[in-house]
Amino acid sequence: MEWRDEGIILATRKHGETSVILEVMTRGRGRHLGMVRGGRSRKMRPFLQPGNRVDLSWRARLDEQLGTFQAEPIEQNAARLLESATAVHGLQTLAAHLRLLPERDPHIRLYETLGLIIAHLDDATVAGALVARFEIMVLDELGFGLDLLQCAATGTRDNLIYVSPKTGRAVSAEAGAPWADKLLPLPSFLKSGAEIGGDGEAISAAFRLSGYFLARHVYEPRGISAPQSRASFLAALLKALTSQSPAAPAG
Amino acid sequence: MSKRIVGPEIEKLIQLLAKVPGLGPRSARRAALHLIKKKEQLLGPLTVAMGDALERVRICSRCGNIDTVDPCMICSDPRRDTGTIILVEDVSDLWALERAGAMNAQFHVLGGTLSPLDGVGPDDLNIRGLVSRVAEGGVSEVIIAVNATVEGQTTAHYVTDQLADMNVKITRLAHGVPVGGELDYLDEGTLTAALRSRTAF
């Protein structure tokens, strides 16, 4: 068995003295693992880092085997991301979300989005909104997509500011007013076609929304908890946004 | 089925030696044969040394280093600067920095890095011990000397967050061109890191 594809490295694990087990998100074959012989060598270690895009050749005698990868670097993002707390925690969060998907199950949309997010992960002004959208997309790919296009009660596409925690469908301001305390706020950047970005409050609301549905549909049924990196990412992001925001005018 | 050519004791010695890093079954056989040939000069003293190590080696309750005394010799050395702690992933990193002899500081061994794939979380590392040491007072700087990998830096940022409210300076090792390194032969990632952390000359 043999194939060639490109992928984004999610993690590496030491294997023996010289090799590593590489976990990658590939374009056409989803999340895939394989062994890289000599992966701990001085030549290969720098590019076998999470966040880097690599060209992969996978080979195994049988399809169900772990197999071996031969990897060549295409795009080295890790060095750029290392300095940013938001970026490294974000990278671990994205990898944790992709681990919710079954292995070797292609998700081209997630792969393309992952590449786009990694390019902007060290930019705190957009990283939060991108990762929050990614979480909604992961829910969608797992079969628990939210309907944020129109109001569940009236069908209107305007003034959608809530999401029903029961149905995962958007609710307009007018229809949701009587149950406002029971509904989840919908930040504007999560709506289809909306501009990416938001302040700390909107980002926190987006993560509360996606976190609620991830917990309900994924974490709780599987008996797992949200990854630690998700909380660290949000904390680092809010800290970065606070430090970037201009000081309030005196008086 | 292959015929057994040595007794079970020697076979067991070979099997155990083959588990040592750097040794495979072939080199383990050579090492075992060498030890047996030098029974008096090598095998005997090695057995005694290993027995002593087994009996006396312990983890330092203060810094996580390996030594035969607790606290370890580094922690109990009065000539060391107690105001600076160098944070490392593993004892091998501590030994490497001590070989370099660049700083006469104290150390703190984390025992690994945050690794979701291996199931290593903050509670599995010696982070609480570091926070307690800094909270005791007298520490002015923590130098984070973890590997320049995504997992290493994730751990570094996590530790920085844990120490954020304490009155301590947090620094990290520079990333960039190694001594004797030629730019032409360096990977793009290292060059990017070197350019981003350039200093005034």
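In chain B, the average location of the 22 positive charges and that of the 25 negative charges lie 10 Å apart. For chain A, with 29 positive and 27 negative charges, the corresponding gap is 6 Å. Before going further, please keep in mind that this is a predicted model.

## The two chains in outline

Let's begin with overall dimensions. A compact globule of 251 residues would have a radius of gyration near 18 Å, and chain A, at 20 Å, agrees with that. Chain B tells another story: for 201 residues the globule value would be near 17 Å, but chain B has 22 Å.

The table puts some overall values for each chain together.

| Chain | Box along principal axes | Buried residues | Accessible surface |
|---|---|---|---|
| Chain A | roughly 60 × 45 × 30 Å | 52% of 251 residues | about 11,800 Å² |
| Chain B | about 65 × 45 × 35 Å | 34% of 201 residues | about 12,900 Å² |

Carbon and sulfur atoms supply 51% of the surface that chain A exposes. In chain B, 56% of the accessible surface belongs to carbon and sulfur atoms.

Contacts offer another view of each fold. Taking contacts in chain A with a separation of 6 or more, 57% are between residues 24 or more positions apart. For chain B, 48% of the contacts between residues at least 6 apart in sequence join residues at least 24 apart.

## A walk through chain A

Chain A is built with 7 helices and 8 strands. At its start, UniProt lists residues 1–75 as "domain: DNA replication/recombination mediator RecO N-terminal", in an unreviewed entry. That span is 59% strand and 0% helix, and its end C-alpha atoms are 26 Å apart.

Further along comes Arg104(A), in the loop between helix H2 (85–98) and helix H3 (108–120). Most residues other than glycine have a negative phi. Arg104(A) is not a glycine, yet its phi is positive, about 60 degrees. With a relative accessibility of 29%, Arg104(A) counts as partly exposed.

Next is Phe134(A), which sits in helix H4 (residues 124–141). Is Phe134(A) buried or exposed? Its relative accessibility is 0%, so Phe134(A) counts as buried. Leaving aside residues up to four places away in sequence, Phe134(A) touches Leu94(A), His97(A), Leu98(A), Leu110(A), Thr113(A), Leu114(A) and Ile117(A). For one of these partners, Leu114(A), the sequence separation from Phe134(A) is 20 residues, and the two C-alpha atoms are 8.0 Å apart.

Asn159(A) also has a positive phi without being a glycine, here about 55 degrees. You can find Asn159(A) in the loop that runs between H4 and strand E6 (160–163). Asn159(A) counts as partly exposed because its relative accessibility is 41%.

Our last stop in chain A is Ser188(A), located in the loop between strand E8 (184–185) and helix H6 (200–222). How far is Ser188(A) from Pro165(A) in space, C-alpha to C-alpha? The distance is 17 Å, for a pair 23 residues apart in sequence. Ser188(A) has 48% relative accessibility and therefore counts as partly exposed.

## A walk through chain B

Chain B contains 7 helices and 6 strands. Following the sequence, the elements come in the pattern α-α-α-β-β-β-α-β-α-β-α-β-α.

Two stretches of chain B carry a UniProt annotation here. One is "zinc finger region: C4-type", listed in an unreviewed entry for residues 60–75. Over residues 60–75, the chain is 12% strand and 0% helix, with the end C-alpha atoms 8 Å apart.

What is the form of the peptide bond from Asp70(B) to Pro71(B)? This bond is cis, and its omega is near 0 degrees. By way of background, most peptide bonds are trans. Pro71(B) is placed in the loop between strand E2 (66–67) and strand E3 (81–88).

The other annotated stretch is "domain: Toprim", which UniProt lists for residues 83–178 of chain B in an unreviewed entry. Residues 83–178 are 33% helix and 20% strand, and the C-alpha atoms at the two ends of this span lie 28 Å apart.

Definitions and conventions:
Residues are numbered from 1 along each chain as its sequence is written. Chains are lettered from A and ligands numbered from 1 in the order in which they are written. This is a predicted model: local features need pLDDT of at least 70, side-chain atom pairs count only at pLDDT 80 or more; totals for chains, interfaces and linings use all residues. Side-chain values use heavy atoms; hydrogens and water are left out. UniProt positions are given in the numbering used here, feature names are shortened, and annotations may be inferred rather than shown by experiment. Helices (H or I, at least four residues) and strands (E, at least two) are DSSP runs, numbered from the N terminus. The radius of gyration is taken over C-alpha atoms; the globule rule is 2.2 Å times the number of residues to the power 0.38. Buried means under 20% relative accessible area, exposed over 50%, partly exposed in between (1.4 Å probe, protein chains only). Contact means heavy atoms within 4.5 Å. Accessible areas come from the Shrake-Rupley method with a 1.4 Å probe; for residues, only the protein chains shown count as cover. Lys and Arg count as positive and Asp and Glu as negative; His and the chain ends are not counted. The place of a charge is taken as NZ of Lys, CZ of Arg, CG of Asp or CD of Glu.
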